[in-house]
Amino acid sequence: MKSELQIVERFLPVNKYTRPQRSIEKVEYIVVHWTGNPKGVNEGLFTWFAVTSVELERYGSTHFGVDNSGVMQFIPVNEMAYHVGSRSYTPWKEEHFGNRYPNAHTIGIELNHLDWSGNFSKQVLSYGAQLAAKLCQQFDLDPETGIIRHFDVTRKDCPRLFVTDEQAFQQFKNDVKQHMRHSERHCNGR
Ligand SMILES: [Zn+2]
């Protein structure tokens, strides 16, 4: 398994459906998603958001995609993506965001998956955890409370594995913590 995280920047063309260039006010949460497209890859996600969604006039996007080859970034982290907006929200959302628009306070990560059960490859989980660790450090978030599921905000079945198997979600957050400890040790040594 490859370990070093590489982020390929492939920014979407500016358009009102997937990259509206609205500002993020403050990043308070990292939101984890599945793509809902078994065996998909980042390249396909890029085409979906850059071309297909725009043609279909469908709102929706994400900041990062993760597949077995690594991480692709579609939108800069100071710009909003449309990934957790909804007509109706959960009580959890009301408690943590109040009336505020969740897309203006979150970064979206889409994890590509293997099947309709939402299982992820070990490589995708590893890259996803490394990416989340980097973002938690960048925005000073505690992974335990700062990493949430799309499900928590809207009750959408997303990411399916982390909704059906809470332990798998906890393990993901534990992996993020471990990556953060690891990189802190490295920084302190310099
Ligand atoms: Zn989602």
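How many bridges join β1 to β4, and in which sense do these strands run? They run parallel, and 3 bridges join them. The model is a predicted one, in which local features need pLDDT of at least 70 and side-chain atom pairs count only at pLDDT 80 or more, while totals for chains, interfaces and linings use all residues. Residues are numbered from 1 along each chain as its sequence is written.

## The sheet

Helices (H or I, at least four residues) and strands (E, at least two) are DSSP runs, numbered from the N terminus. Two strands pair if DSSP finds at least two bridges between them. On this basis the model holds an open sheet of 6 strands in the order β1-β4-β3-β5-β2-β6, with mixed pairing. The edges are taken by β1 (7-9) and β6 (147-149); each has a single partner strand, so one side of each is left without a neighbour in the sheet. From one strand to the next, the twist averages 25 degrees; angles run from 0 to 180 degrees between N-to-C directions, and axes are lines fitted to C-alpha atoms, for helices over the stretch in contact.

Three of the strand pairings are set out below.

| Strands | Sense | Bridges | Residues standing opposite |
|---|---|---|---|
| β1 and β4 | parallel | 3 bridges | Val8 and Met72 |
| β3 and β4 | antiparallel | 4 bridges | Gly65 and Met72 |
| β2 and β5 | parallel | 6 bridges | Val32 and Ile109 |

Met72 in β4 is thus the bridge partner of Val8 and also stands opposite Gly65. A hairpin of 2 residues connects β3 to β4. In the pairing of β2 with β5, the strands comprise residues 29-34 and residues 106-111 respectively.

## Helix α1 against the sheet

Helix α1 (residues 42-56) lies across β3 (64-67), β4 (70-73) and β5, and runs at about 150 degrees to β3. From its first C-alpha to its last, this helix of 15 residues reaches 20 Å, close to the 21 Å expected at 1.5 Å a residue; the expected span is 1.5 Å times one less than the number of residues. At Trp48, α1 bends by about 40 degrees, the bend being the angle between axes fitted to the seven residues ending there and the seven starting there.

A residue is buried if 20 or more other C-beta atoms lie within 10 Å of its own, exposed if 12 or fewer, and partly exposed in between, with C-beta atoms placed from the backbone. Asn42, Leu45, Trp48 and Phe49 of α1 are buried, and the buried residues of this helix pack against β3, β4 and β5. Glu55 also lies in α1, yet it counts as exposed, with 8 C-beta neighbours inside 10 Å. A distance of 9.4 Å separates the C-alpha atoms of Glu55 and Tyr17, which are 38 residues apart along the chain.

## The nonpolar core and helix α3

A nonpolar core is a set of buried Ala, Val, Leu, Ile, Met, Phe, Trp, Tyr and Cys residues joined through C-beta atoms within 7 Å. The largest such core has 45 residues, and those with the most contacts inside it are Ile30, Val66, Ile109, Leu131, Ala132, Cys136 and Val176. Helix α3 (residues 122-138) gives the most to this core, with 8 residues.

The span of α3, which has 17 residues, is 24 Å from first C-alpha to last, close to the 24 Å expected. Its buried residues include Val124, Tyr127, Gly128, Leu131 and Cys136. Two residues are in contact if their C-beta atoms, placed from the backbone, lie within 7 Å. Leaving aside residues up to four places away in sequence, Val66 touches Val71, Ile109, Glu110, Leu111, Asn112, Val124, Tyr127, Gly128 and Leu131.

## Backbone exceptions

Most residues other than glycine have a negative phi, and most peptide bonds are trans. Glu57, just after α1, takes a positive phi of about 55 degrees. Asp140 has a phi near 55 degrees and is found in the loop between α3 and α4 (143-146); this residue is exposed, with 8 other C-beta atoms within 10 Å. Arg155 has a positive phi of about 70 degrees and is partly exposed, with 16 other C-beta atoms within 10 Å.

Arg155 belongs to the loop between α5 and α6. Pro159 is likewise placed in the loop between α5 (150-154) and α6 (160-164), and the peptide bond from Cys158 to Pro159 is cis, with omega near -10 degrees.
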